[in-house]
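This report considers charged side-chain pairs and one cysteine environment. The structure under discussion is shown below.

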Amino acid sequence: MQAWQVHRNGEPGEVMRLDAIEPPTPGDGQVLLKVRAANVNFPDALMCRGQYQVRPPLPFTPGVEICGETEDGRRVLATPALPHGGFAEYAVADAAALLPAPDALDDAEAAALHIGYQTGWFGLHRRAGLEAGETLLVHAAAGGVGSAAVQLGKAAGARVIGVVGGGAKAAVARELGCDVVIDRRTEDVIAAVKEATGGRGADVVYDPVGGEAYAQSAKVVAFEGRIVVVGFASGSIPSPALNHALVKNYSILGLHWGLYNTKDPKLVRHCHERLTELAAQGAVKPLVSERVPLSGAAAAVQRVADGVTTGRVAVLPPGDQEGLTEGGAA
């Protein structure tokens, strides 16, 4: 089979290599899956660089989120068991963690309903307790993680403010349903949020960026507000001033979605059932901005690493080429 492999750490476009290898052999409790679609996530780039908390042995195949097909023909969602990731024709995954792919979504959309939307659901509902009528501020609102949070916030009845970088991403954020869109490249984020909220600030801030975005969050979070720390796409990990949290009376909430798979897997399944319902109702629909062939995976991971994409980029192995984005090949 064909599979992208990383033989040394570095930038994805430089270290990912398309190889012909034998299909992986499932271990105890694992299943072999034919990959129908694999979505690119920022952790894929971090793993290529050797900067992710999970460091699979070299060589490994990246790709942490797939819609796959079992031997009996069922469409399922899975997080492949590394080092046999999803940017390949076949992957392996833990049988107990497989989730049924929603009928309302195609393969690429279904794969995208997994990590980003699970993270959004746990962050907004389990951790922050978002309520209808509250104001939600989402950083990187046009990205894969941010776009999921925007849709979930709207589905929960919140007023959503999206922060993006650039006019094209601002247009995407508006299409996603943001009530207010702030372009950080041309606007003062802090002033714009305060103006949009009458000086009160945001009840919940969803931050997958870190760095300057977190500093802005601390200045615009409302009384008894909640800042959900999801990741550090900026590459800069902030050091919160706890005296500021005390004086202003807000909460800083960490979210590591992967822990729920081991600490409370029943919650993951409950979340998936809820997401499936929302997808069937049309309340959420993952934004898949590009569909590229397997040969385009390395370039796609590099584009996500460089922060130039919107929504999700899906990699479609041979045999599942329908709907490829024109010019999406490497």
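Arg-36 and Glu-69 form a salt bridge in this predicted model, with 2.7 Å between the closest N and O atoms. Arg-36 belongs to strand 3 (residues 30-39) and Glu-69 to strand 4 (residues 66-69), so the salt bridge ties together parts that are 33 residues apart in sequence. Glu-69 has a relative accessibility of 23% and therefore counts as partly exposed. The pair also belongs to a wider arrangement: Arg-36, Glu-69, Arg-75 and Asp-107 are linked in a network of salt bridges. Over the whole structure, the search finds 13 salt bridges. Side chains of opposite charge can pair when their charged atoms come close.

Three of these salt bridges are described individually here, and the table gives their N to O distances.

| Salt bridge | N to O distance |
|---|---|
| Arg-36 and Glu-69 | 2.7 Å |
| Glu-109 and Lys-285 | 2.9 Å |
| Arg-274 and Glu-277 | 3.0 Å |

Which parts of the chain does the pair Glu-109 and Lys-285 link? The side chains of Glu-109 and Lys-285 meet in a salt bridge at 2.9 Å, N to O. Glu-109 is in helix 3 (residues 107-112), while Lys-285 is in the loop between helix 11 and strand 14 (288-293); the pair links distant parts of the chain, 176 residues apart. With a relative accessibility of 9%, Glu-109 falls under the 20% limit and so counts as buried. Lys-285, by contrast, has a relative accessible area of 46% and is partly exposed.

The salt bridge between Arg-274 and Glu-277, at 3.0 Å between the closest N and O atoms, lies within one element. Both residues are in helix 11, and because they are three residues apart, about one helical turn separates them. Arg-274 is partly exposed at a relative accessible area of 31%, and Glu-277 is likewise partly exposed at 41% relative accessibility.

Helix 11 (residues 265-281) also contains Cys-271. Is Cys-271 buried or exposed? Its relative accessibility is 0%, so Cys-271 counts as buried. Leaving aside residues up to four places away in sequence, Cys-271 touches Gln-118, Trp-121 and Phe-122. Between Cys-271 and Arg-126, the C-alpha to C-alpha distance is 9.9 Å, although the two residues are 145 residues apart in sequence.

Notes: Residues numbered from 1 in each chain as written. Predicted model: local features only at pLDDT ≥ 70, side-chain atom pairs only at ≥ 80, totals over all residues. Heavy atoms only, no water. Helix = DSSP H or I, 4+ residues; strand = E, 2+ residues; numbered from the N terminus. Buried < 20%, exposed > 50% of the residue type's maximum accessible area, 1.4 Å probe, protein only. Contact = heavy atoms within 4.5 Å. Salt bridge = Lys/Arg side-chain N within 4 Å of Asp/Glu carboxyl O.
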